[in-house]
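Q: Please take a close look at the aromatic side chains of this model, including the charges placed over rings and the pairing between rings. A connected account is requested.

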Amino acid sequence: MKLKLDTFLRSVVLLLFMGLLSTSVSAQRTVSGTVTDSENGEPLIGATIIIVGTGQGTITDFDGNYSLSASEGAQLEISYAGYTAQEVTVGASGNLDVALLAGTVLDEVVVVGYGSQREKEVTSAVVSVGSEDFNQGPITDPAQLLQGKVAGLQVYNRNGDPNGNASIRLRGLSTVGANVEPLIVVDGIIGASLNNVDPADIESIDVLKDGSAAAIYGSRGSSGVIIVTTKKGSAAGGINLSYSGQVGASNPVNGISVMNAQEFVAAGGTNLGSDVDWLDEVTRTGITHVHNVSASGGNGVTNYRISGNFRGVDGILDNSGFDQFNTRVNISTRAFQDKLKVGFNTSFTNRESDFGFYESLRYAVTYNPTAPINGADSPFPFNSDQFGGFFEALGLFDSFNPKSIIEQNTNTGTKREFNYGLNLGYSILDNLTLNVRVAQQNASNANRTYYPTTSLFRGNATSPTRKGRADIYNDNASFDLYEAYATHISDFGKTALTLTAGYSYQQNNFESTYMSLGDFPNNDIDFIDALETSQDLNNAGFININSDTSPDEKIIAFFGRANVTFDDAIFLNASVRREGSTKLGEDNQWGIFPAFGVGVDLNNYLNIEAFDLLKLRVGYGVTGALPQANGLSRAIRNVVNGSDGSVSTELVRAANPDLKWEEKAETNIGIEFEAGKLGGTIDLYNRDISDFILERNVDVAVYGVERRVENAGKLNTQGLEVALNYDVVDNGNFAYNTGVVFSTYTTELEEFVLDAEMRGNLGSPGQNETEMVRVKVGNEIGEIWGPVHLGVNDDGTNIFDDINGDGNLLTDQASALDPDADYAVLGNGIPDFEIGWTNQLSVGGWNINAFFRGAFGHSLVNTFRAFYEPVVSTQSSYNFMNTELKVDGLTEARFSSLYVEKADFFRLDNLTISRSVPLGDVTAISNLNVSLTGQNLFTITNYTGTDPDPALGDFGAASNGDSVNFASQDPLVPGIDRRNNYFSARTLTFGLNFNF
């Protein structure tokens with residue numbers, strides 16, 4: 001069946017919904033109210049309200065509200081996990097608010113796909129993290145709130161760039177040819193942008209880790225699902241105004257160890273007479289200030305929250321950082337005798353970025369420390385005006401003045417994101433609800449990069465004619481979502497059944513334009529604002545212009561789920577989603593994604609006194625994955641211009657109408673327990689990922705060309721995750737809680753398009769034929785592969801190990817995959833295990849939160865050392881690395897085990913000390929809290945590079961001014977620490993929070 005826009009079906013669903021709004025379904029009175037926590041007044045999400053003796057009932061929504069039809073005098077039982085149940089009588093009034101008392105064992109409600117469940121009822125691997133457990137400090141990327149908090153969730157921002165996004169992986173590598181990062185869902189909106197959510201507006205984050213939990217999201221859930229719930233308005237009361245602010249200072253940490261001017265000259269370096277610390281010249285103390293203001297309130301029927309957030313972040317690299325404004329509105333209300341529940345949320349983000357140039361950090365490491373900053377200080381005659389007053393070491397490959405790069409050139413961008421979501425819920429019956437969700441998201445980027453005529457770096461300052469360059473890039477992306485689903489709740493004595501069924505329509509569109517031109521007249525102004533002056537306009541072939549637009553990327557799905565609870569101890573969950581996508585071959589656009597889970601509270605039957613909860617659960621689920629690009633199933637033809645002026649086309653890639661989903665099948669076995677002060681979870685999982693979407697060589701005789709996109713390959717991942725939490729002491733004045741998360745996994749390549757291949761090019765100078773990572777069927781992903789260094793010959797060359805002992809040393813790159821090659825596994829880019837350790841102390845009004853994080857067993861290729869640690873005579877104008885691993889006498893730069901380092905680390909990631917300040921008779925403000933936070937305070941590691949965090953993918957080599965595409969990484973090549981990295985920073989932050 002070919003996939004088409006089902007406008008008719010969507011119209012029918014919406015008309016049906018509107019018709020139901022006007023239908024009276026009960027003659028009984030409507031009873032409504034709010035269920036809250038008796039201690040703090042917070043709404044209880046998912047509390048159960050049952051009409052005693054009938055089996056009919058409902059649950060509270062995200063604001064704790066409920067409504068149902070009941071006769072006067074009927075008894076309502078209100079229950080919520082971890083709280084003491086209450087029975088109340090329906091009186092003459094239609095309003096019944098209930099405040100429940102907390103019990104002894106807390107059992108939180110977690111958000112799952114298209115609904116929520118009590119944590120006790122969840123049969124899959126789901127973790128909920130509340131705002132009180134988030135990482136603290138001036139967080140610029142919401143993903144960093146979870147760093148180290150969830151077992152199996154990897155969040156790494158290796159380069160420390162405030163404009164960069166963290167790499168997110170859930171349970172390792174989940175795909176090869178599709179999106180490796182989890183699906184983001186914000187307030188029910190699938191695929192929402194995490195960048196459009198200010199960290200201060202987030203109430204909680206739920207992570208769906210296994211296939212049985214994510215299968216309800218079909219193809220977009222294959223890499224896991226992260227569900228973000230933003231803060232809502234209070235259930236009732238006046239206006240609550242709150243402010244939170246932070247100011248922080250960041251400084252570079254763990255810089256590259258290089259020679260100073262004196263050491264450089266003593267090692268035989270070219271002496272130009274100056275003494276410059278280039279890293280100091282291009283870095284600074286980065287100041288960050290954050291201000292968040294919110295207003296919330298409600299009258300019991302309509303609740304609201306409005307927030308405005310401003311973030312000004314200066315990076316540690318000169319001329320890098322951003323200014324961002326974000327606003328968010330959440331409104332909920334009820335109508336039609338509380339049968340209709342309306343929720344509306346919208347947000348807008350505007351970010352003005354100065355991206356700076358990573359290359360200035362790279363060349364600050366390698367630039368001659370005796371070279372002057374300015375041309376006027378050159379030891380020989382130098383035309384400094386030609387280079388904007390700066391000195392340049394002319395005639396060298398891959399050598400640019402780092403101060404000139406960051407001072408003369410500009411690299412800026414503006415990003416705007418706007419989205420809204422409308423949620424409508426209508427109670428057709430007391431136990432039957434229809435929900436409709438409409439959402440839209442729009443994002444635009446406008447980036448401008450300018451290299452003046454005096455810039456040697458990409459500005460071509462030495463050219464006699466064509467100098468200067470301007471690059472302009474713009475893109476627009478839109479996402480539309482239409483969903484409708486119904487939920488039916490029934491109760492049969494000890495058995496409760498919840499059924500959900502629905503329809504989803506998603507559409508993505510994208511367009512972009514790029515233009516690059518140069519040859520500007522002089523350096524009087526920034527000619528990026530006067531492009532008409534470019535002489536390239538008069539010369540054919542010099543202007544580079546590209547534009548593209550995507551076809552309508554559509555996903556249509558039908559889904560259903562059943563949740564069964566028996567005896568409040570046995571829990572069953574089954575779901576299925578049938579989904580189609582326009583990105584796939586026209587004969588294979590539809591797929592079916594089933595899931596099943598079962599959980600049993602064993603202690604309900606074993607009655608082990610030591611345990612409050614002992615639950616065993618097993619889940620199995622199948623999810624799909626879509627390619628990121630469009631049109632992969634279609635043939636591609638290139639235009640050919642003939643010498644006689646004719647125009648024709650030639651086939652360069654064959655069509656594949658059978659192209660289908662990547663598929664992941666996952667089994668998860670978990671144990672959850674609570675035993676007094678100790679609680680925890682243990683999960684074992686097995687993933688089989690198959691049918692990668694890859695371009696490969698095919699038979700020309702069959703397809704007419706040698707390239708075609710096909711499904712091929714298979715991965716297997718097996719892992720273990722443990723999370724433990726222990727309340728050490730809590731005596732009122734002093735409390736201490738500690739928690740540990742631990743995860744380990746291995747990923748093996750079982751099938752691939754080739755039995756083995758080398759990837760991860762080291763690059764130039766001199767080693768651009770060197771590949772460092774072996775991808776081999778039957779082996780683990782991430783093998784760093786190369787010769788083993790033993791020592792140095794008298795002539796300064798490497799001595800390599802004759803690994804196979806045949807007396808014939810075979811270590812050239814061309815022989816890397818030869819069975820007789822003297823190559824070995826030098827390390828693996830994937831950690832053996834990772835840990836996170838949280839410690840929370842409360843003493844009087846003081847609170848201390850210390851979070852440690854570590855990764856062990858992984859290796860990194862230190863590419864700075866591989867190029868610049870050997871003292872090569874032809875490289876005497878470049879600085880040399882000066883690490884403790886430096887081998888004296890080595891004068892040959894060649895990749896080997898010498899440059900592969902174990903990168904185990906243990907880090908104090910976050911330390912926060914806060915104090916609740918007594919206000920006495922001051923009434924203008926309340927709940928005043930001050931805090932001091934340190935991030936990246938210390939790291940215990942033997943790695944000599946800037947950051948021992950794992951490199952989960954590779955964005956490739958670049959040199960001599962080449963650009964790097966940080967948005968495109970090879971997931972099969974972990975473990976390479978490239979030279980084009982932003983350096984990490986240590987940050988100290990003062991925070992202030994209060995209500996007024």
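A: In this predicted model, the face of Phe322 is covered by Arg351, which lies 3.7 Å from the ring centre. A second arrangement of this kind involves Phe905: Arg907 lies over the face of that ring, at 4.8 Å from the centre.

Turning to contacts between rings, the structure contains 31 aromatic pairs. One of them joins Tyr482 and Tyr505, with 6.0 Å from centre to centre and 40 degrees between the planes, a tilted geometry. Tyr482 belongs to strand β24 (residues 469-492) and Tyr505 to strand β25 (residues 495-518), so this pair ties together parts that are 23 residues apart in sequence. The two partners can also be described by their accessibility. Tyr505 has a relative accessible area of 2% and is buried, whereas Tyr482, with 27%, is partly exposed.

Phe994 and Phe996 provide another tilted pair: because their planes meet at 50 degrees, which falls between the limits of 30 degrees for stacked and 60 for edge-to-face, the pair is classed as tilted, with ring centres 5.7 Å apart. Phe994 counts as buried at 17% relative accessibility, since the threshold for burial is under 20%. Phe996, by contrast, has a relative accessible area of 40% and is partly exposed.

Beyond individual pairs, aromatic residues also group together: Phe357, Tyr363, Phe400, Tyr451 and Phe457 make up one aromatic cluster.

Technical notes:
Residues are numbered from 1 along each chain as its sequence is written. This is a predicted model: local features need pLDDT of at least 70, side-chain atom pairs count only at pLDDT 80 or more; totals for chains, interfaces and linings use all residues. Side-chain values use heavy atoms; hydrogens and water are left out. Rings of Phe, Tyr and Trp (its six-membered ring) pair if their centres lie within 6.5 Å; planes under 30 degrees apart count as stacked, over 60 as edge-to-face and the rest as tilted. Helices (H or I, at least four residues) and strands (E, at least two) are DSSP runs, numbered from the N terminus. Buried means under 20% relative accessible area, exposed over 50%, partly exposed in between (1.4 Å probe, protein chains only). A charge sits over a ring if NZ of Lys or CZ of Arg is within 6 Å of the ring centre and within 35 degrees of the ring normal.
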